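These are my notebook entries from a first reading of the structure shown below. I record what I looked up, one topic at a time.

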Amino acid sequence: MPTQLSVNVNKIAVLRNSRGGDEPDVVRAASTCLDAGAHGITVHPRPDARHIRAEDVYALAVLTQSRGVEFNLEGNPFAPPRVGYPGFAALCGDVRPAQATLVPDSDGQITSDHGFDFSGDLGALRERVAELRALGCRVSLFVDAGCPDVERAAEVGAQRIELYTGPFAAAHAGGDARAAIALCAETARRAQAVGLGVNAGHDLSQGNLAAFLQGVPDVLEVSIGHALIGDALYAGLDATVRRYLEAIAHG
Ligand SMILES: CC(=O)[C@@H](O)[C@H](O)COP(=O)(O)O
Ligand SMILES: NCC(=O)COP(=O)(O)O
């Protein structure tokens with residue numbers, strides 16, 4: 001099966017929230033991505049609700065279910081609930097996403113920037129994974145390329161890992177990604193050797209995606225948001241400005 005593309009629509013919500021209304025509409029954007037052939041939709045609701053909110057999660061669950069595509073919900077299962085954020089497990093319980101991707105983010109992070117540390121006691125993580133699997137979710141754990149004990153993701157019950165590709169993307173932008181790709185490939189192979197599927201994400205883009213997929217074997221899914229939504233703005237600006245000029249001409 002070719003690598004599946006799950007479009008992350010967090011950034012649509014960033015734009016919407018900046019004005020406080022309903023536009024641009026997250027569900028319409030997600031629906032457009034699916035119409036274009038994307039295999040699924042990803043969101044990463046954060047406890048501060050800076051972009052995706054609980055109500056977006058519910059609406060996107062309805063959309064993805066009606067379209068028969070994967071809904072990938074990302075979040076930290078240890079972040080406590082707060083007003084406007086019922087908690088990751090509660091959201092998963094409500095919408096039963098096909099895939100729950102666990103990310104060890106702290107609140108103040110601008111974005112995700114590291115994977116799980118598997119070196120300590122993993123009892124709490126094992127419990128969270130079991131709870132999510134009992135809901136019917138496939139569970140994936142965010143891990144760094146080069147994670148020394150990636151095999152432990154399988155030990156705690158996860159079915160997949162998501163390789164954190166930020167360092168690869170930075171190396172690619174710097175002109176030499178060979179070492180970063182080799183590290184991703186080695187981590188992927190070790191995960192696959194213990195039966196884990198491999199996803200990947202963070203700062204993947206049109207510019208670096210082919211190099212990544214050529215270098216890393218059997219990646220099942222990439223989730224892409226930031227670069228893709230940015231590219232969509234450039235791709236749509238020309239036609240959109242022309243439509244506004246037409247509207248002015250006919251006004
Ligand atoms: C888990 C991950 O890699 C992140 O890329 C995340 O999904 C993006 O989150 P933000 O859109 O909040 O930066
Ligand atoms: N899991 C990564 C993701 O969903 C999107 O990351 P980015 O493309 O916004 O960096």
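Before I began, I fixed one term: I call a residue buried if 20 or more other C-beta atoms lie within 10 Å of its own, and exposed if 12 or fewer do. I also note that this is a predicted model.

**Entry 1. Ile224**

I applied the cut-off to Ile224, which lies in strand β8, residues 219-224. Ile224 has 23 other C-beta atoms within 10 Å and is therefore buried. I then looked up its contacts, not counting residues up to four places away in sequence, and found Leu5, Val7, Asn8, Gly201 and Leu204. I also checked Ile224 against Gln206: the two are 18 residues apart in sequence, and their C-alpha atoms are 9.9 Å apart in space.

**Entry 2. The barrel**

How many strands form the closed barrel? I found 8, running β1-β2-β3-β4-β5-β6-β7-β8 with parallel pairing. From one strand to the next, the twist averages 25 degrees.

I examined one pair in detail. Strand β5, residues 138-144, runs parallel to strand β6, residues 160-164, and 5 bridges join them. Val143 has Leu163 in β6 as its bridge partner.

**Entry 3. Helix α8**

I turned next to helix α8, residues 178-193, which lies across β6 and β7 (197-201) and runs at about 170 degrees to β6. The helix has 16 residues, and I read 22 Å from its first C-alpha to its last, close to the 22 Å expected at 1.5 Å a residue.

Which residues of α8 are buried? My list holds Ala180, Ile181, Leu183, Cys184, Thr187, Ala188 and Ala191. Seen down the axis of α8, these buried residues fall within an arc of 160 degrees, so they line one face of the helix. On the other side of α8, I found Arg178 and Ala193 exposed.

I then asked what the buried residues of α8 pack against. The partners are α6 (152-155), β6, α7 (166-173), β7 and α9 (209-215). After α8 comes Gly195, and I noted its positive phi, near 90 degrees.

**Entry 4. Helix α1 and the loop after it**

In helix α1, residues 10-17, I found Asn10, Lys11, Ile12, Ala13 and Arg16 buried. The elements that cover these buried residues include β1 (4-8), α2 (26-35), β2, α3 and α10 (226-249).

In the loop between α1 and α2 I located Pro24. The peptide bond that joins Glu23 and Pro24 is cis, with omega at about -5 degrees.

**Entry 5. The annotated binding site**

I consulted the UniProt record, an unreviewed entry, which places the feature "binding site" at Arg46, His51 and Thr111. These positions are spread over 66 residues of sequence, yet they cluster in space, with a largest C-alpha distance of 11.6 Å.

Arg46 lies in the loop between β2 (40-43) and α3 (54-67), and I found His51 in the loop between β2 and α3 as well. Is Arg46 buried or exposed? Arg46 is buried, because 22 other C-beta atoms lie within 10 Å. His51 has 22 C-beta neighbours inside 10 Å and so counts as buried.

I also listed the contacts of His51, leaving aside its neighbours within four places in sequence: Asn10, Ala13, Val14, Asn17 and Arg46. Of these, I had already entered Asn10 and Ala13 among the buried residues of α1.

**Entry 6. Positive phi between β7 and α9**

Lastly, I looked up two residues other than glycine with a positive phi. For His202 I read a phi near 115 degrees, and for Asp203 a phi near 60 degrees.

Where does His202 lie? I found His202 in the loop between β7 and α9, and Asp203 has its place in the loop between β7 and α9 too. Why do I enter His202 as buried? The reason is that His202 has 24 other C-beta atoms within 10 Å. Asp203 has 20 C-beta neighbours inside 10 Å; since the cut-off is 20 or more, Asp203 counts as buried.

Technical notes
Residues are numbered from 1 along each chain as its sequence is written. Chains are lettered from A and ligands numbered from 1 in the order in which they are written. This is a predicted model: local features need pLDDT of at least 70, side-chain atom pairs count only at pLDDT 80 or more; totals for chains, interfaces and linings use all residues. UniProt positions are given in the numbering used here, feature names are shortened, and annotations may be inferred rather than shown by experiment. Helices (H or I, at least four residues) and strands (E, at least two) are DSSP runs, numbered from the N terminus. Two residues are in contact if their C-beta atoms, placed from the backbone, lie within 7 Å. Two strands pair if DSSP finds at least two bridges between them. Axes are lines fitted to C-alpha atoms, for helices over the stretch in contact, and angles run from 0 to 180 degrees between N-to-C directions. The expected span of a helix is 1.5 Å times one less than its number of residues. The arc is that of the directions from the helix axis to the C-beta atoms.
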